[in-house]
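Morning, everyone. Please pull up the structure, and we will walk through pockets, charges and rings.

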Amino acid sequence: TTYCLLLSRTSRGAIYYTDFEQYPPQGWSNIGGYWQSTTGYKGSGLYGSDDDGGIGWTSLYYYNTLVSSYSSLWFSVKVRYTSGSGYYGLAILDSRVRSMVTIEITTWGTLEGWLYTRAGWNMLYSTNIPNYDSANWYVIVVNYTYSARTLTLQAGVYDVLGNLLVQGTWSVRFTPGYIALEVDDVAAVFDDFIISVSNPEYVSFVNIPAGYSVE
């Protein structure tokens with residue numbers, strides 16, 4: 001028999017989390033697209049289909065709380081492609097919701113970073129995802145730091161077992177405002193979205209008695 005006694009949370013890095021079990025989730029807004037509840041990775045998820053109605057002819061579903069006060073932030077989501085040919089993943093919007101930086105998986109198997117402004121699209125980064133399979137769920141994890149009007153991003157794509165498949169780092173002149181889900185010429189399903197001030201990939205346990213372990 002295994003007993004768990006006096007386990008309590010001493011700190012929490014997450015400032016927001018949703019598994020999209022309730023739809024619509026409170027505090028979210030969309031710019032373009034068709035969004036609805038669907039079957040997710042576990043339980044319900046969020047389905048999004050592009051209609052070119054958002055920034056840069058994408059479609060966006062964003063958490064409508066400003067993150068501009070944070071100089072460093074982590075955010076992550078599980079995502080699975082459904083149909084179309086294009087891009088799906090995460091985006092960072094400016095506070096006026098006019099420009100954005102995207103961190104996306106493509107249907108041809110790359111992780112890409114793009115900047116969209118009134119001048120149009122500018123590619124920031126691109127690298128291949130090994131053994132990409134559009135039928136798979138993937139986890140995108142992004143960490144940014146913001147200093148002197150420069151946004152430095154480190155983005156990774158993982159499988160659902162936690163194996164890192166690819167990772168990249170790039171910088172751009174951009175001031176973050178909101179975190180969004182994004183689809184461009186595709187439909188995709190999203191689940192387990194988190195925004196955190198610390199790395200959400202790890203849960204730390206302290207003061208475990210001798211002879212005990214945690215699974």
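Start with the second largest pocket. It is lined by 14 residues, and those nearest its centre are D94, R96, S99, T117 and F174. One reminder: this is a predicted model. The space in this second largest pocket comes to about 370 Å³. How does its lining divide? Six residues are charged, five are polar and three are nonpolar.

Stay with two of those names. D94 and R96 form a salt bridge. The closest N and O atoms of that pair are 4.0 Å apart. Now, buried or exposed? D94 is buried, because its relative accessible area is 9% and the cut-off for buried is under 20%. R96 has a relative accessibility of 57%, so R96 counts as exposed, the cut-off being over 50%.

Next, the largest pocket. About 1500 Å³ of space lies in it. Its lining takes in 43 residues, and the closest to the centre are Y202, V203, S204, F205 and V214. Which strands contribute? Strand 1 (14–18), strand 6 (72–93), strand 10 (137–147) and strand 13 (178–196) each give at least two lining residues. By type, the lining of the largest pocket has 23 nonpolar residues, 13 polar and seven charged.

Back to charges. Side chains of opposite charge can pair when their charged atoms come close. How many salt bridges does the model have? The count is two. You have met D94 with R96. The other pair is K78 with D192, where the closest N and O atoms are 2.9 Å apart. This pair links distant parts of the chain, with K78 in strand 6 and D192 in strand 13, 114 residues apart. Both ends fall under the 20% cut-off for buried. K78 is buried at 18% relative accessible area. D192 is buried as well, at 19%.

Last topic, the rings. There are 21 aromatic pairs. Take Y16 and W28 as one of them: the ring centres are 6.1 Å apart and the planes meet at 55°, so the pair is tilted. Y16 sits in strand 1 and W28 in strand 2 (residues 28–31), so the pair ties together parts 12 residues apart in sequence. Both Y16 and W28 are buried. Which cluster do they belong to? Y16 and W28 join F20, W35, Y61, Y63, F190 and F193 in one aromatic cluster.

That is the tour. Questions, please.

Definitions and conventions: Residues numbered from 1 in each chain as written. Predicted model: local features only at pLDDT ≥ 70, side-chain atom pairs only at ≥ 80, totals over all residues. Heavy atoms only, no water. 1 Å grid on protein atoms, 1.4 Å probe; cavity = no way out; pocket = protein on both sides within 12 Å on 5 of 7 lines; lining within 4 Å. Points joined across faces, edges and corners; volume = space filled by probe spheres on them. Helix = DSSP H or I, 4+ residues; strand = E, 2+ residues; numbered from the N terminus. Nonpolar A, V, L, I, M, F, W, Y, C, P; charged D, E, K, R; others polar. Salt bridge = Lys/Arg side-chain N within 4 Å of Asp/Glu carboxyl O. Buried < 20%, exposed > 50% of the residue type's maximum accessible area, 1.4 Å probe, protein only. Phe/Tyr/Trp six-rings, centres within 6.5 Å; stacked < 30°, edge-to-face > 60°.
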